[in-house]
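Reader: I have a model to look at. Can we go through how its helices and strands are arranged?

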Amino acid sequence: MDVREKLNILSAAAKYDVSCSSSGSKRQVPGGGLGNACSAGICHTWSSDGRCISLLKVLMSNACKYDCAYCINRRSNDIPRATFTPKELIDLTLEFYRRNYIEGLFLSSAVVGTPDRTMEMLIQVAKELRIVHKFGGYIHLKAIPGASSELLYQAGLYADRSSVNIEIPTDKALQYLAPEKNHASIYKPMNFLAERKLEYKTEHSRYSPRFLPAGQSTQMIVGAAGETDLQILTLSNGFYKQQQMKRVYFSGYVPINADKRLPALTTKPPLVREHRLYQADWLMRFYKFGYDEIVDKVNPNLDLELDPKASWALRHPEFFPIDIQTADYEMLLRVPGIGVKSAQLIASGRRFSKIRLEHLKKMGVVLKRAQYFIYHPDTPACLRRLYPEMVRPLLLPKPQSLQLDLFSNQPLALPAVG
Amino acid sequence: MLSISYDSSFDGFLSVVFEIYRQHLDVGEIRPDRSESPCNMFMQPFRIETSDESAQRLKRAIINQAGLEILNTLDVAFRSEEDGIEMKILAYLRKLFSEEDSRYAKNPTSDEMLPIYMTARSVRHEEGGMLGMVRFSRMPDGTYFAEIEPKYDILELMIGHFRGRFANERWAIYDSKRGFGFYHDGKGREPIPICIPNMREVAAATKADEFVRLWQDYYQSIAIKERENPKLLRRCLPVRYWKHLPERQAPSKWA
């Protein structure tokens, strides 16, 4: 099998891993070497499904010994199997990198033989890239659950970021779908790496290599096991707080295997729900929202029609509308239609002059949404109150016009009114 | 009223501003030489040559009055090559030097600054995106060569990044829309400006690189068919960049 064929098989096998970020690490080009890491991360292209491609994301091998129901590489699937040799993979990475196709390597693997053996293969590639080829680009290594702590520690010395996927948000469902896995076995490497990183920070000097400078991330499948958004966001909040994760990714379940434990093959991936979860994640990371403000016991799932920020605002009419001349920065951030950049502009600009509507427009504020939640010198006093039941329909996207099919025998299905 | 023409460079523009102040010129418009729109026939044409000295003096004055960061913002906004950006910057500088309000320079939302600020933001946005979208091909002599056609004049802003990243490689990036580029010899010297008259031959030679095929393959197999989203793709990766991205050149299996 030649490299091209292997690349096709092993990148297609890795495509369900969502993470492709190259941020969080700053590294100079090693003396006489190739490549650096840019802390903001750089996207190099976008695939036809609209996801950013920034790393060469491949599996070392897809010959897996496990049989997880949701996974394309499970033992019982009849698919072509392939394994890269370290040299093939290193050459590909360096040549792609020199052409500025990628920021670096995202290396994962199916479990071949034992977890230790698999982890050793991944480390060998990273180590050779760093030491023999003086490669300064980004390396993301998957931590294989069950690998020894000595190996995990080594991975942390060569990689910028490491990740272990939690896969299914609830432990019970995970054990049901993936009999060889459970949450405890996944938390173990996560916690180990998080602790080593903390320890390392205190003893680390300017000249010693850094331990996982870009931290850890994880990923969970959404819509495969009937979990609620409250469960998902509680879990990801825990990852941010306890394991100091840099990112938690959500992957809307794409049915790939016919399995009676999973949604039918004809199910469409829950893309809207996934999008709403990412919006909620953004609110937690950049907009100072608590997870329990976004969803709670009464509303355990996100509103699919409306983004979580607008739904929060409509549930809390007592805070709105706010005066943009005087409101706290934190409150500006909570206005639907105002993003981080415009909130900063407003906060710095209002010290000099009154901010009026035309300013907001020029700053890039989405007035179509924001207008109901703010008041400014031009708003008449009678409009300085928020009526959620009136505003909600105005925020929803306009319904698509109905397409008439005059040749079918089916009676016309009119959308329900109300 | 004068229609002032200059050589399209930032220093040239600063020389224009300097002369406007020195000679008390009544300026109606400022036209870069690259501009193809017809000259306003009701204005008298006037030429100002670039002078390094006056540009330096004006730069120092801006730094003293407003700081280096503002000078950079003006420079970046100027690279947008937007019609009339010169008059916007001039309006800002007039207000800045009129000394009505000593805190004026610190306000990013003033009527004069906000449009410049937003323009600079979109130039920086394209620069950041273009860092990832430069595609080198290995030429027969071992130089890595890339051709770009950005909307704004951002090549100079990007060079530092590639110099850091590929410090020990020989590479060249060429802006074929504006007809200039930079060559880096991999020995630690400053990248030197180049021009390429026989661009067609060079572009043909880039096709011979065998890794282009592998990259196209990778690009195809990493996409998830069930999630295909052409609208999102076009928003993230505008069609105007596709010309120089090999992965968007190959006939796609879907989309």
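Reader: At what angle do the axes of helix 4 and helix 6 of chain A cross?
Author: This is a predicted model, where local features need pLDDT of at least 70. Residues are numbered from 1 along each chain. Helices are DSSP runs of H or I with at least four residues, and strands are runs of E with at least two. Axes are lines fitted to C-alpha atoms, with angles from 0 to 180 degrees between N-to-C directions. Helix 4 (residues 149–158) and helix 6 (residues 183–203) of chain A have axes that come within 10 Å and cross at roughly 55 degrees.

Reader: Is helix 4 of chain A parallel or oblique to helix 6 of chain A?
Author: Under 35 degrees is roughly parallel, over 145 roughly antiparallel, 65 to 115 roughly perpendicular, and the rest oblique. The crossing angle is roughly 55 degrees. Therefore helix 4 of chain A is oblique to helix 6 of chain A.

Reader: Which residues of helix 4 of chain A make the contact?
Author: Contact means heavy atoms within 4.5 Å. Helix 6 of chain A brings Pro189(A), Phe192(A), Leu193(A), Arg196(A) and Tyr200(A). Helix 4 of chain A brings Ser149(A), Leu152(A), Tyr153(A) and Leu157(A).

Reader: Which are the edge strands of the open sheet in chain B?
Author: Two strands pair if DSSP finds at least two bridges between them. Five strands of chain B lie in the order 4-5-6-7-8, with mixed pairing. Each edge strand pairs on one side only: strand 4 (137–138) and strand 8 (192–194) of chain B.

Reader: Which residue stands opposite Phe182(B)?
Author: Strand 7 (residues 180–184) and strand 8 of chain B pair in the antiparallel sense over three bridges. Opposite Phe182(B), in strand 8 of chain B, stands Pro193(B).

Key:
Chains lettered and ligands numbered in written order. Predicted model: local features only at pLDDT ≥ 70, side-chain atom pairs only at ≥ 80, totals over all residues. Heavy atoms only, no water.
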